[in-house]
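Visitor: I should like to understand how the parts of this protein model fit together. May we look at the structure and then discuss it in turn?

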Amino acid sequence: MVAEPPTSRVLVTGGTAYVGSKLATSLSESGSEVAVLTRRVPPKPIPSVIYLVHDGSMSSIVAALTATQPETIVHVAASYVRQHKTSDVAPLIEANITMGALLLEAAASLGIRRMVYSGTFFQRSGVPGGTPRNLYAAAKNAYEEILDFYESSGAIESIRLTLCDVYGEDDPRPRLLKAAVSAALDESTLRVPHHDPYLVPIHIEDVIKAFETALSLENLRGRFWVGPAAAVKLSEIIALVTRLVGSTVKVERADLPALPGDTLATAPGVTLPDWQPSIGLEEGILRMIKFHRVSGEHYQ
């Protein structure tokens with residue numbers, strides 16, 4: 001079944017970060033009216049996208065929603081820290097709980113009922129009881145409890161997408177997969193943890209298709225998996241990169257602390273209807289190799 005075109009008016013949070021900006025660009029190019037709620041307008045804004053500044057207040061969110069009247073809010077904004085310091089606590093809570101709670105209240109007060117929300121497989125460790133893997137994960141879980149409240153009251157209807165390890169050849173973020181490709185290409189050393197963690201790689205193009213599919217499906221609620229059919233160990237990824245580049249990835253085992261669930265293979269959840277990933281890991285790595293060879297852009 002071919003998905004219908006995305007919703008015509010969409011407000012995206014997190015639209016200046018990697019995933020959000022890719023989504024805003026794609027939606028705008030497909031003909032949607034796209035607004036981005038952001039703390040600051042980027043130096044190179046996306047043409048035809050409206051940027052509205054959130055200053056931390058409820059009034060700024062209400063003003064943004066009133067001005068744009070979105071049919072759907074796509075809530076991608078988040079702040080991630082693998083292992084937090086004391087100074088990280090307040091920003092993590094503000095970005096992952098407070099901002100989203102204000103957004104829900106503002107939307108409910110204005111009668112905007114539809115939300116597509118991006119969570120992550122990282123929120124649960126996979127061990128009995130499903131404990132959060134870190135403070136970031138705990139904050140994301142707490143936000144979903146708040147979302148549950150607004151849904152139970154009938155104010156909001158949401159599709160929750162469980163994103164996995166998103167990667168792309170032009171991703172500016174530090175990611176192990178990108179670092180492995182760079183290490184193979186420039187014959188540098190890749191620092192890896194002793195515990196050989198599992199990764200769940202999903203290409204950015206497939207992630208954007210998942211968001212667009214979610215926007216096209218009416219009367220759908222629930223949580224859906226946006227990732228591959230199985231997790232893969234970092235050592236297996238390094239072996240694949242070595243084969244595809246034709247150069248051994250030199251590895252340095254480092255004392256990098258493990259988080260709960262790092263060494264457990266994540267089981268996929270229910271896949272979003274009408275969506276399947278189309279870019280396998282081998283193709284994705286080949287794209288990264290080509291991009292880095294052409295651009296000369298490496299990351300360590």
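The conversation below treats the cores, the open and closed spaces, and several single residues.

Visitor: What kind of model is this, and how are the residues numbered?
Guide: This is a predicted model, in which local features need pLDDT of at least 70 and side-chain atom pairs count only at pLDDT 80 or more, while totals for chains, interfaces and linings use all residues. Side-chain values use heavy atoms, with hydrogens and water left out, and residues are numbered from 1 along each chain as its sequence is written.

Visitor: Which element gives the most residues to the largest nonpolar core?
Guide: A nonpolar core is a set of buried Ala, Val, Leu, Ile, Met, Phe, Trp, Tyr and Cys residues joined through side-chain atoms within 4.5 Å; buried means under 20% relative accessible area, exposed over 50%, and partly exposed in between, with a 1.4 Å probe and protein chains only. The largest core has 38 residues, and those with the most contacts inside it include Val-12, Leu-161 and Val-207. Helices (H or I, at least four residues) and strands (E, at least two) are DSSP runs numbered from the N terminus. Two or more residues come from each of strands S1, S2, S6 and S11 and helices H1 and H6, and the element that gives the most, with 7 residues, is H6.

Visitor: Which residues does Val-207 touch, apart from those up to four places away in sequence?
Guide: In soluble globular proteins, nonpolar side chains tend to be buried together. Contact here means heavy atoms within 4.5 Å. With residues up to four places away set aside, the partners of Val-207 are Val-19, Leu-163, Val-166, Ile-202 and Val-226.

Visitor: How many residues does the other core have?
Guide: This core lies apart from the largest one. Among its members are Ala-180, Leu-240, Leu-244 and Ile-285, and its number of residues is 22.

Visitor: What is the volume of the second largest pocket?
Guide: On a 1 Å grid over the protein atoms alone, a cavity is a set of points where a 1.4 Å probe fits but cannot get out, and a pocket is an open set with protein on both sides within 12 Å along at least five of seven lines; lining residues have an atom within 4 Å of a point. Grid points are joined across faces, edges and corners, and a volume is the space filled by probe spheres set on the points. The second largest pocket is lined by 25 residues, with Thr-120, Phe-121, Arg-124, Thr-162 and Arg-223 nearest its centre. Its volume is about 440 Å³.

Visitor: How many residues of this pocket's lining are charged?
Guide: Ala, Val, Leu, Ile, Met, Phe, Trp, Tyr, Cys and Pro count as nonpolar, Asp, Glu, Lys and Arg as charged, and the others, Gly among them, as polar. The lining of the second largest pocket has 9 nonpolar and 10 polar residues, and the number that are charged is 6.

Visitor: Which residues line the largest cavity?
Guide: The search of the whole structure finds 1 cavity of 30 Å³ or more, and the largest cavity holds about 30 Å³ of space. Its lining has 3 nonpolar, 2 polar and 1 charged residues. By name, they are His-75, Ala-77, Ala-95, Asn-96, Tyr-117 and Lys-140.

Visitor: Is Ser-247 buried or exposed?
Guide: Ser-247 lies in the loop between helix H7 and strand S13. Its side chain reaches the backbone oxygen of Ala-184 at 3.3 Å. Because its relative accessibility is 17%, Ser-247 counts as buried.

Visitor: Is Glu-187, a contact of Ser-247, buried or exposed?
Guide: Glu-187 is found in the loop between helix H5 and strand S8. Most residues other than glycine have a negative phi, whereas the phi of Glu-187 is positive, near 55 degrees. Because its relative accessibility is 55%, Glu-187 counts as exposed.

Visitor: At what distance does a polar contact join the side chains of Ser-235 and Asp-196?
Guide: Ser-235 is found in helix H7 and is partly exposed, with a relative accessible area of 31%. A polar contact is a pair of N or O atoms within 3.5 Å; within protein, one must be able to donate a hydrogen and the other to accept it, and residues adjacent in sequence count only if both atoms are side-chain atoms. For the side chains of Ser-235 and Asp-196, the distance is 2.8 Å.
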